[in-house]
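Colleague: I'm new to this one and would like some help reading it. Could you walk me through a few features, one at a time?

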Amino acid sequence: MNNSITQDNQNDNQISKTIKRFFARFHVTSALKTAGAYHKKGTPVIQIFQYLFLLIFSNRSMYMNLLSGRNTPAFAKDTVYRFMKSTQINWIRFTTILASRIIKDAVVPLNNADRENVLCIDDSMFERNRSKKVELLAKTYDHAKHAYKFGFRMLTLGWTDGSTFLPVNSILLSTDNKKNRVNEAACLDKRTVGYKRRKLSMTKGTEAMLELLKAAKTVGIPAKYVLFDSWFSSPKSLHAVKNLGYEVIGMIKKTPKMFLRYNGEELSLIDIYKKNKKRRGCSRYLLSVDVEVIKNGEAIPARVVYVRNRNKRKEYLCLITTDTSLCEDEIIRLYGKRWDIEVFFKVCKSYLRLSKECHCLSFDAMTAHTAVVFTRYMMLSIENRELNDSRSLGELFVYFADEMSDITWMQAFQMLLQMFRKLLEEHCDFVDEKIDELVDTFINTLPSLLQSQLAAA
């Protein structure tokens with residue numbers, strides 16, 4: 001029992017040190033202040049935020065901590081609720097600034113200059129099925145489970161280099177259809193961040209997506225491409241994202257209602273496919289065509305790549321990009337990075353208690369909870385990257401590499417043989433001829449390549 005308690009204390013101390021190092025390294029306090037989270041008197045904001053951040057690692061809710069008397073904060077629970085319900089804190093700005101600092105200071109220096117960084121847009125269900133009085137609660141269709149649920153669509157913008165995924169910002173989308181909203185928003189001053197947050201939640205997903213991208217653009221998050229699935233790939237969205245200065249790679253629906261200009265004709269994707277001869281054999285794609293995307297008379301060049309559907313071999317999927325300089329294989333490879341955001345949703349819901357930890361009825365509190373979960377994921381993501389990437393060891397790795405370069409592998413092998421000979425001389429009553437015979441026998445059992453290199457050395 002004593003050993004297990006000691007081990008628990010050691011783990012808690014290690015987690016606490018890691019969190020403190022993360023908060024100090026990326027200046028979480030200043031990011032909170034920039035987002036409007038600061039106090040005039042009483043408990044510092046960073047202490048409240050750090051307490052909420054640590055709840056998942058203590059494996060207890062705030063209610064259970066207060067009930068058991070363990071890990072109780074130095075402030076009242078009402079202080080936590082006031083912080084989470086604040087209408088002055090811009091949580092989109094906070095997570096965007098924090099993600100930008102991590103990307104620029106910790107991830108980009110580990111990558112090659114030619115690696116393509118991308119932004120990913122997707123949504124996932126934020127369920128509140130057991131609540132009836134949640135602010136802006138809506139009846140939303142869950143495309144994964146093909147059923148209607150009560151809750152929100154958590155529209156999320158993420159950044160990835162193919163190795164590390166970091167959530168940038170998000171908005172909990174209710175619905176623009178008043179009939180599907182169970183509850184309305186609270187009345188607030190139109191100048192507050194809380195009012196603007198509620199207004200954004202009642203817009204369409206494609207419009208909210210642009211606001212998230214603008215926030216990322218403002219802080220200079222490095223990315224050339226924006227990836228999204230077929231729910232966002234409309235001509236209007238392609239033009240809007242292109243005008244923001246990003247290139248698009250997305251999946252596009254094979255609907256007969258959407259037309260692209262191909263060889264001077266307005267055709268659907270299905271008709272374009274019928275007009276062309278497909279590639280045979282085991283090619284990664286079936287067809288590639290250059291088209292123009294038309295919106296309000298304005299045309300932008302694009303490329304459509306038809307890819308065979310792995311799940312249904314007789315069907316095909318369509319990828320579209322506004323960067324016509326990319327080859328087909330590169331388009332498919334870059335779009336594959338979008339899967340990182342699906343993994344992110346799974347981890348947040350299964351392990352970081354997204355939506356399960358927060359039972360508040362306030363829309364601001366749910367947004368704050370989402371930002372806390374995103375910050376937890378950022379810390380875990382960067383810790384995982386730096387533990388597995390040898391380049392993140394910094395000066396220690398440089399010194400280690402320099403020391404290893406001073407001797408070759410064959411020189412090290414000769415040193416081991418000399419140590420082996422010395423041990424035999426000191427601990428065995430063998431004459432020199434016997435020791436030479438043992439060493440020669442060992443060398444003769446080595447592969448011929450090693451024998452020749454030893455002889456040359």
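Modeller: Sure. Keep in mind that this is a predicted model. Let's begin with Glu 433, which sits in helix H16.

Colleague: Is Glu 433 buried or exposed?

Modeller: Exposed means over 50% relative accessible area. Glu 433 has 59%, so it's exposed.

Colleague: Which residues gather with Glu 433 in a patch of negative charge?

Modeller: Glu 425, Glu 426 and Asp 432 join Glu 433 there, on the surface. Helix H15 (409-427) and helix H16 (432-444) each bring at least two residues to that negative patch.

Colleague: Now salt bridges. What's the general idea, and how many does the structure hold?

Modeller: Side chains of opposite charge can pair when their charged atoms come close. Here you'll find 23 salt bridges. Take Arg 25 and Glu 386, whose side chains meet at 2.8 Å, N to O. That pair links distant parts of the chain, with Arg 25 in helix H1 and Glu 386 in helix H13 (residues 363-388), 361 residues apart.

Colleague: And which residues does Asp 161 form salt bridges with?

Modeller: One is Arg 115, at 3.5 Å, N to O. Asp 161 lies in the loop between strand S3 (147-160) and strand S4 (165-173), and Arg 115 in the loop between helix H6 (91-107) and strand S1 (118-127), so this pair ties together parts 46 residues apart in sequence. Another is Arg 385, with the closest N and O atoms 3.0 Å apart. Arg 385 is in helix H13, so here the parts tied together are 224 residues apart in sequence.

Colleague: How do those residues stand for accessibility?

Modeller: Asp 161 is buried at 2% relative accessibility, and Arg 385 is buried at 5%. Arg 115 is partly exposed, at 34%.

Colleague: What about networks of salt bridges: which residues are linked in one?

Modeller: Glu 127, Asp 142, Lys 145 and Lys 149 are linked that way.

Colleague: How many disulfides does a search of the whole structure find?

Modeller: Zero. For a disulfide, two cysteine sulfur atoms must be within 2.5 Å. The sulfur of Cys 360 has its closest cysteine sulfur in Cys 358, 4.2 Å away, so that's too far for a bond. Cys 360 is buried, at 14% relative accessible area.

Colleague: Last one: where is His 27 found, and what is its phi?

Modeller: His 27 is in the loop between helix H1 (2-25) and helix H2 (28-34). Its phi is positive, about 50°, although His 27 is not a glycine. Asn 296 also has a positive phi, near 55°, and is found in the loop between strand S9 (287-295) and strand S10 (298-308).

Conventions. Residues numbered from 1 in each chain as written. Predicted model: local features only at pLDDT ≥ 70, side-chain atom pairs only at ≥ 80, totals over all residues. Heavy atoms only, no water. Patch = residues over 30% accessible without salt bridge, like charges linked within 9 Å, V, L, I, M, F, W, Y side chains within 5 Å. Areas by Shrake-Rupley, 256 points an atom, 1.4 Å probe, with all protein chains shown as cover. Salt bridge = Lys/Arg side-chain N within 4 Å of Asp/Glu carboxyl O. Lys, Arg positive; Asp, Glu negative; His and termini not counted. Charge placed at Lys NZ, Arg CZ, Asp CG, Glu CD. Helix = DSSP H or I, 4+ residues; strand = E, 2+ residues; numbered from the N terminus. Buried < 20%, exposed > 50% of the residue type's maximum accessible area, 1.4 Å probe, protein only.
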